[in-house]
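Trainee: Could you take me slowly through one part of this model, in connected sentences, and show me how it sits in its surroundings? I would like to follow each step of the reasoning.

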Amino acid sequence: MRKTDRWIFAFVVLLIAIFPWVVLNISAISNYVEVMIFAGIFSLVCLGLSLLMGYAGQISLAQAAFFGIGAYSSGILTAHFGWNPWLAMPVGAALAAAVAWVVGVPALRLKGHYLAMATLGFGVIVHIVFNEEIDWTGGPSGMVDIPGLSIAGWRISSEIQWYYLIWGVVFLALLFCFHILHSRVGRALRAIHEEEVAAEAMGVPTARYKVQIFVFGAVLAAIAGSFYTHYVTFLSPSSFNLMWSIRFVLMVMVGGMQSLWGALLGTVLLTFVGNEWLQVFADFEVLVYGTILLVVALFLPQGLIAILRRDFGGSRNPISRVSDEG
Amino acid sequence: MDGFWLGTDLLQYTVSGLTIGAIYALVAIGYNIIYNVTEIINFAQGEFVMLGGLFAVFFMETLHFPVFAAFFASIIMVGIVGFAMERLVIRRARNASVLSLIIITIAVSIILKGTAMLGWGKDPYSLPAFTSGGPILIGGAAVQVQALWVLAVSVAIVVSLTLFFHRSLYGKAMLACADNPSAARMVGIRVRQMVLLSFVLSAAIGAAAGVAITPISLMEYDRGALLGLKGFGAAALGGLGNFYGGFVAGLLLGLAESFCAGYLSSGYKDAVALILLLLVLFFKPEGLFGSAEAAKLKRF
């Protein structure tokens, strides 16, 4: 991790740590802790996607499917078979990894539009399975009776406990992502993003690295899904449909694709927009989402983090700053 | 007796498969027109179909237009939507990366879907068939009159597009743009105008498909994504950019789906087209009728 990233990391950890104490004392926004728990769960999904989109330059519209595979694996294993949630979680992650590998090996040979459509199609298939396998998933009416989480016999019950647990996991995942970025794999990924053919010519096994990152993102999403299951203790296929995959892509885009901090910022921001601020609009929500997506893609392809960089980093050219980082 | 029933079933599934397949074929043709001129995959293609159906409902039920007036009015309205999409959005994204273009067309599709939800609500709508009359019995299978209309509309579109591309100046200019945009510009073809035309044309074709299918399968605001995806499946199956390949593949896809719904499981019928799409993308990305060499030359 670079020095600036270390400082930002410390600052963000501090911010997240004191957040509940500030919010809980203001009754009007005391439910923000709950929103932040969801933001943390979604951050896990988006970190892997950020690596894939921003660094490997590939798009995945199947992230909600892996999120769902993790969620339903945990749900089914704990509710139907009485497994310990902590045992079900790695099983869900392994299943997601296996599926991601099977889909990823052929899919990531595809480029651009083809890849987008392939992941889109895969995501819709998984969603259909969640809807149709009523014996296992409860189908469209949902799945209940899912147990909560406990650590060493001590049940995680309050919002505050969940908050710190989830964000602890997010920071662990973040550290791991930074580690990946500054390793051999990270440099290879950036090379793939810049010019895939050149990278290949220099002996970078581009296909293998792309698949690895795809699988990594799927595993993170599945773990997020497990936590989601035990937090809300109710599952419905509509939480894992195409719209959610698009939302995850949007979260990464709004923050800034080529920065993990951007992914985090975008996720927190859009979770607040979706779960909290847009509730007043109800039916307009979809429209507002589409508009944000369009405006960002057209006018702010580097994301919000580029504006922050420009204002605080003193650089006039966000693109060159992003590309010479690391 | 068993054999007899199997025969009628088969015929029945074939007819319904061809009907829905004709719709996928039209969606696939819509993709191909835009793709050929711009190399963009328009993720909003399915929304054009949805809008076509719903606009026809508006013209017929609210304004009490006669059937064929509503048909053409709806096509014109959706054509305007396609025009607006190119003018307001795609033109601004001229230099965007593939990733951005994918996201931009997805954003447009979400906006169209959201607008349709506000305008028409969440309920499915129906339309009366183009011409009244009970189902026709052919070899024991009941064929709805509207199914014949769907087939007639798609055949008419394919024939007129063929004439357009090979006989008219605009059509030839569009083909030239598809071949080589810079060379087309050098000989004086206004490429931007052709891009605009491609969006209007493909929106109008989508709308025609939407109006034709609404009397059979109803139409609601969130139908677009799945129709678009299956249409893309047909386009990919036929080789992206390959006009007739897309048409044939659309019919095949419809048949596969109909047989699955009939003989295997109706819940998974939507998955059939998608699984075929994945298999084609994974094992033969240039499509059944496309050439691998041509696929390599494409930028995306």
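**The meeting of the chains, and what lies around it**

Mentor: In chain A, which has 326 residues, 50% of the residues are buried. Please keep in mind from the start that this is a predicted model, and that we are reading values computed from it.

Before we come to the part itself, let us look at chain A as a whole. Its secondary structure consists of 15 helices together with 2 strands. The radius of gyration of chain A is 19 Å, and because the globule rule gives 20 Å for 326 residues, which is close to that value, chain A is as compact as a globular protein of that length. Its C-alpha trace spans about 50 × 50 × 40 Å along the principal axes. If we take the contacts in chain A whose partners are separated by 6 or more positions, 75% of them are between residues 24 or more positions apart.

Now to the part I have chosen, which is the side of chain A that touches chain B. Here 33 residues of chain A are in contact with 35 residues of chain B. On the chain A side, the elements that each give two or more residues are helix H4 (85–107), helix H5 (112–132), helix H11 (242–255) and helix H13 (285–299) of chain A. The largest share comes from H5(A), which gives 13 residues. Sorted by class, this side of chain A has 25 nonpolar, 5 polar and 3 charged residues.

Let us go down to a single residue, A:Ala118, whose place is in helix H5 of chain A. The model puts 28 C-beta neighbours inside 10 Å of A:Ala118, and because a residue needs 20 or more of them to be called buried, A:Ala118 counts as buried. Leaving aside residues up to four places away in sequence, A:Ala118 touches A:Ala107 and A:Leu110 as well as B:Leu278 and B:Leu281, and the letters in those names show partners from chain A and from chain B. In sequence, A:Ala118 is 58 residues from A:Ser60, while in space their C-alpha atoms are 8.7 Å apart.

Another helix on the list for this side of chain A is H11(A), and its surroundings can be described in some detail. Of its 14 residues, 13 are buried, so H11(A) is largely enclosed by the rest of the structure. From its first C-alpha to its last, H11(A) reaches 20 Å, close to the 20 Å expected at 1.5 Å a residue. Just after H11(A), A:Gly256 takes a positive phi of about 135°.

Let us then cross over to the partner. Chain B has 12 helices and 2 strands, and from the N terminus on they follow the order α-α-α-α-β-β-α-α-α-α-α-α-α-α. A compact globule of 300 residues would have a radius of gyration near 19 Å, and because chain B has 19 Å, the two agree. The C-alpha trace of chain B spans about 65 × 45 × 35 Å along its principal axes, and 50% of its 300 residues count as buried.

Within chain B, helix H5 (residues 145–167) and helix H8 (residues 191–217) show how two helices can pack, with axes that come within 9 Å and cross at roughly 170°. Because angles over 145 degrees are called roughly antiparallel, H5(B) is roughly antiparallel to H8(B). Among the residues making this contact are B:Trp149 and B:Val153 of H5(B) and B:Ile205 and B:Ile213 of H8(B). By class, the contact has 11 nonpolar residues, 1 polar residue and no charged ones.

One last residue brings us back to a name we have met. B:Glu86 lies in helix H3 (residues 67–89) of chain B, and because it has 21 C-beta neighbours inside 10 Å, B:Glu86 counts as buried. Not counting residues up to four places away in sequence, it touches B:Arg91, B:Val195, B:Leu196 and B:Phe199. B:Leu278, one of the residues touched by A:Ala118, is 192 residues from B:Glu86 in sequence and 29 Å from it in space, C-alpha to C-alpha.

Terms used. Residues numbered from 1 in each chain as written. Chains lettered and ligands numbered in written order. Predicted model: local features only at pLDDT ≥ 70, side-chain atom pairs only at ≥ 80, totals over all residues. Contact = placed C-beta atoms within 7 Å. Helix = DSSP H or I, 4+ residues; strand = E, 2+ residues; numbered from the N terminus. Nonpolar A, V, L, I, M, F, W, Y, C, P; charged D, E, K, R; others polar. Rg over C-alpha atoms; globule rule 2.2 N^0.38 Å. Buried ≥ 20, exposed ≤ 12 C-beta atoms within 10 Å, placed from the backbone. Axes fitted to C-alpha atoms, helices over the stretch in contact; angles between N-to-C directions. Parallel < 35°, antiparallel > 145°, perpendicular 65-115°, else oblique. Expected span 1.5 Å × (residues − 1).
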